[in-house]
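Open the model in your viewer and keep the sequence panel beside it. We will go from stop to stop, selecting a few residues each time.

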Amino acid sequence: MRNATGKLETTSRDHGMHPGPRLGPPEQEDPELEALVREIIGRVADKWTMLALEVLSEHGRLRFTRLGDLIGGVSQKMLTKTLRQMEADGLVVRTVFPVIPPRVEYELTELGLSLGEAFCGVWIWAERHREAILRSRKAFSERAS
């Protein structure tokens with residue numbers, strides 16, 4: 001369903017869910033803010049950024065290789081790309097030490113820490129609803145076969 005401004009909105013009726021708070025921006029929309037929010041979600045809601053946020057928040061300042069090891073399964077190229085984007089967005093600080101070979105460490109900024117806190121709700125939600133999700137996946141898989 002589209003609202004008066006033509007923006008697509010869904011309601012709890014559309015998905016057979018219980019009524020709840022409306023998700024999305026406030027009624028007084030700021031197009032620049034909306035664009036920024038969409039851009040940030042696109043950048044930080046990816047797997048590697050979320051995992052880098054988690055590892056850096058748990059372990060503090062880390063060298064590149066150790067960060068990759070703790071994240072697990074990430075290629076050097078993807079980790080480099082992820083950390084560069086996080087640095088550009090002000091989420092991490094990259095410190096290069098003038099030694100041979102060069103030592104590079106990454107640490108979350110205050111902005112990065114606050115983003116990690118905001119996404120902590122996703123982890124709490126997943127923990128709270130883990131069994132329901134697993135039951136739904138199993139039921140779906142059984143129906144699909």
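## First stop: a charged network

Select Arg-61, which counts as partly exposed, at 41% relative accessibility. Bear in mind throughout that this is a predicted model. Now add Glu-107 to the selection: Arg-61 forms a salt bridge with Glu-107, and their closest N and O atoms are 3.0 Å apart. Arg-61 sits in the loop between helix 3 and strand 1 (62-63), while Glu-107 belongs to strand 3, so the pair ties together parts that are 46 residues apart in sequence. Glu-107 also counts as partly exposed, at 32% relative accessibility.

Next, show the side chains of Arg-103 and Glu-105. These two form a salt bridge as well, with 3.4 Å between the closest N and O atoms. Is each partner buried or partly exposed? Arg-103 counts as partly exposed, at 27% relative accessibility, whereas Glu-105 is buried, with a relative accessible area of 12%. Keep all of these side chains on screen, and you will see that salt bridges sharing partners join Arg-61, Arg-103, Glu-105 and Glu-107 into one network.

## Second stop: across to strand 2

Leave Arg-103 and Glu-105 displayed and select Thr-95, which is found in strand 2. Which residues does Thr-95 touch, leaving aside its neighbours within four places in sequence? The contacts are with Arg-103, Val-104 and Glu-105, so two members of the charged network appear here again. Thr-95 is partly exposed, with a relative accessible area of 25%. For a distance to try in the viewer, pick the C-alpha atoms of Thr-95 and Tyr-106: they are separated by 6.4 Å, though the two residues are 11 apart along the chain.

Now follow the chain from strand 2 towards strand 3. The loop between these strands contains Pro-101. Look at the peptide bond that leads into this proline from Ile-100: the bond is cis, with omega near -10°.

## Third stop: helix 5

Select residues 76-88, which make up helix 5. At 1.5 Å a residue, these 13 residues should span 18 Å, and the end C-alpha atoms are indeed 18 Å apart, which agrees. Turn the view until you look down the helix axis, then colour Leu-79, Thr-82, Leu-83 and Met-86, which are buried. Seen this way, the buried residues fall within an arc of 95°, so they line one face of the helix. The spacing has a simple background: an α-helix has 3.6 residues a turn, so residues three or four places apart point the same way.

Give Lys-77, Lys-81, Arg-84 and Ala-88 another colour. These residues, on the other side of helix 5, are exposed.

What do the buried residues of helix 5 pack against? Show helix 3 (47-59), helix 4 (64-71), strand 2 (92-97) and strand 3 (103-108), and you have their partners. Before leaving, step to Gly-90, which follows helix 5 and has a positive phi, near 80°.

## Fourth stop: helix 2

Move to residues 31-44, helix 2, and pick out Leu-36. At 45% relative accessibility, Leu-36 counts as partly exposed. Add Leu-33, Val-37 and Ile-41: with Leu-36 they form a nonpolar patch on the surface, with about 350 Å² of accessible area together.

Helix 2 also holds Glu-34 and Arg-38, four residues apart, about one turn of the helix. Their side chains meet in a salt bridge, at 3.3 Å from N to O. Arg-38 is exposed, with a relative accessible area of 55%.

## Last stop: the whole model

Zoom out and switch to a cartoon view. The structure holds four salt bridges, and the tour has passed several of them, including the pair Glu-34 and Arg-38. You can count six helices and three strands; from the N terminus on, the elements run α-α-α-β-α-α-β-β-α. Of the 145 residues, 21% count as buried. Switch to a surface view to finish: the protein exposes about 11,100 Å², and carbon and sulfur atoms supply 57% of it. Among contacts between residues at least 6 apart in sequence, 39% join residues at least 24 apart.

Technical notes
Residues are numbered from 1 along each chain as its sequence is written. This is a predicted model: local features need pLDDT of at least 70, side-chain atom pairs count only at pLDDT 80 or more; totals for chains, interfaces and linings use all residues. Side-chain values use heavy atoms; hydrogens and water are left out. Helices (H or I, at least four residues) and strands (E, at least two) are DSSP runs, numbered from the N terminus. The expected span of a helix is 1.5 Å times one less than its number of residues. Buried means under 20% relative accessible area, exposed over 50%, partly exposed in between (1.4 Å probe, protein chains only). The arc is that of the directions from the helix axis to the C-beta atoms. Contact means heavy atoms within 4.5 Å. Accessible areas come from the Shrake-Rupley method with a 1.4 Å probe; for residues, only the protein chains shown count as cover. Patches are made of residues with over 30% relative accessible area and no salt bridge: like charges are joined within 9 Å, nonpolar side chains (Val, Leu, Ile, Met, Phe, Trp, Tyr) within 5 Å.
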